[in-house]
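Welcome, and please open the model in your viewer. We will go from stop to stop, selecting a few residues each time and looking at what is there.

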Amino acid sequence: MALDIVLCRRCQARIRWAFTPAGRRMPLDADPDPEGNVYWGPTPEDPHRLARVDRDLVAAALTGQLSGDVYMPHHATCGNPPPRGPRQPRPPKPTPPSPQLGLDLGQ
Ligand SMILES: [Zn+2]
């Protein structure tokens with residue numbers, strides 16, 4: 001079926017990777033879950049399919065107002081979560097300098 005479903009390296013559960021609006025990857029359980037707190041889909045403001053932790057969007061999806069689905073983040077269900085500790089591979093994080101919003105009041 002969906003090609004984007006992979007196995008969690010830790011617990012072998014089926015998961016899928018979604019992107020958040022911030023461009024970070026978020027592992028979701030492979031199948032939609034109405035108990036989840038992540039809306040994955042487009043919004044009226046943004047046609048991209050992104051994962052958003054947003055109660056209002058979740059509610060809208062569950063009532064059919066949005067076309068996306070509701071998912072459980074895999075962090076919440078992983079059968080073998082990462083051990084506590086400092087070993088966190090740090091992905092390169094390109095942070096483009098955000099332009100300072102200058103006050104341009106026109107007149
Ligand atoms: Zn897992």
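In the hairpin of E2 and E3, which residue takes a positive phi? Keep that in mind while you set up the view, and remember that this is a predicted model.

**Stop 1: the hairpin**

Select strand E2 (14-19) and strand E3 (25-29). Five residues lie between these two strands in their hairpin, and Gly 23 is the residue to click: its phi is positive, near 85°. Now show the pairing. E2 and E3 run antiparallel and are joined by five bridges. One place to look is Phe 19, whose bridge partner in E3 is Arg 25.

**Stop 2: the rest of the sheet**

Add strand E1 (5-7) to your selection. E1 pairs with E2 in the antiparallel sense, over three bridges. Click Leu 7 and look across to E2, where Arg 14 is its bridge partner. You now have an open sheet of three strands on screen, in the order E1-E2-E3. Which strands are at the edges? They are E1 and E3, each of which pairs on one side only. Turn the view a little: on average, neighbouring strands of this sheet are turned by 45° against each other, direction ignored.

Stay with E3 for a moment. Four of its five residues are buried, so E3 is mostly covered.

**Stop 3: the nonpolar core**

In soluble globular proteins, nonpolar side chains tend to be buried together. To see this model's largest nonpolar core, which has 14 residues, begin with the members that touch the most others: Leu 28, Val 38, Tyr 39, Trp 40, Ala 51 and Val 70. Then colour the elements that give two or more residues to this core: strands E2, E3, E4 (38-41) and E6 (69-71), along with helix H1 (55-62).

Next, centre on Tyr 39. Which residues is Tyr 39 in contact with, leaving aside its neighbours within four places in sequence? The list is Arg 52, Asp 54, Leu 57, Val 58, Ala 61, Gly 68 and Val 70.

**Stop 4: a residue of helix H1**

Finish with Ala 60, which lies in helix H1. Why does Ala 60 count as partly exposed? Ala 60 has 19 C-beta neighbours inside 10 Å, and a residue is buried only if 20 or more lie within that distance. Beyond its neighbours within four places in sequence, Ala 60 is in contact with Gln 65 and Leu 66. For a last step, draw a distance from the C-alpha atom of Ala 60 to that of Val 70: the two residues are ten apart along the chain, and these atoms are separated by 9.7 Å.

Key: Residues are numbered from 1 along each chain as its sequence is written. This is a predicted model: local features need pLDDT of at least 70, side-chain atom pairs count only at pLDDT 80 or more; totals for chains, interfaces and linings use all residues. A nonpolar core is a set of buried Ala, Val, Leu, Ile, Met, Phe, Trp, Tyr and Cys residues joined through C-beta atoms within 7 Å. A residue is buried if 20 or more other C-beta atoms lie within 10 Å of its own, exposed if 12 or fewer, and partly exposed in between; C-beta atoms are placed from the backbone. Two residues are in contact if their C-beta atoms, placed from the backbone, lie within 7 Å. Two strands pair if DSSP finds at least two bridges between them. Axes are lines fitted to C-alpha atoms, for helices over the stretch in contact, and angles run from 0 to 180 degrees between N-to-C directions.
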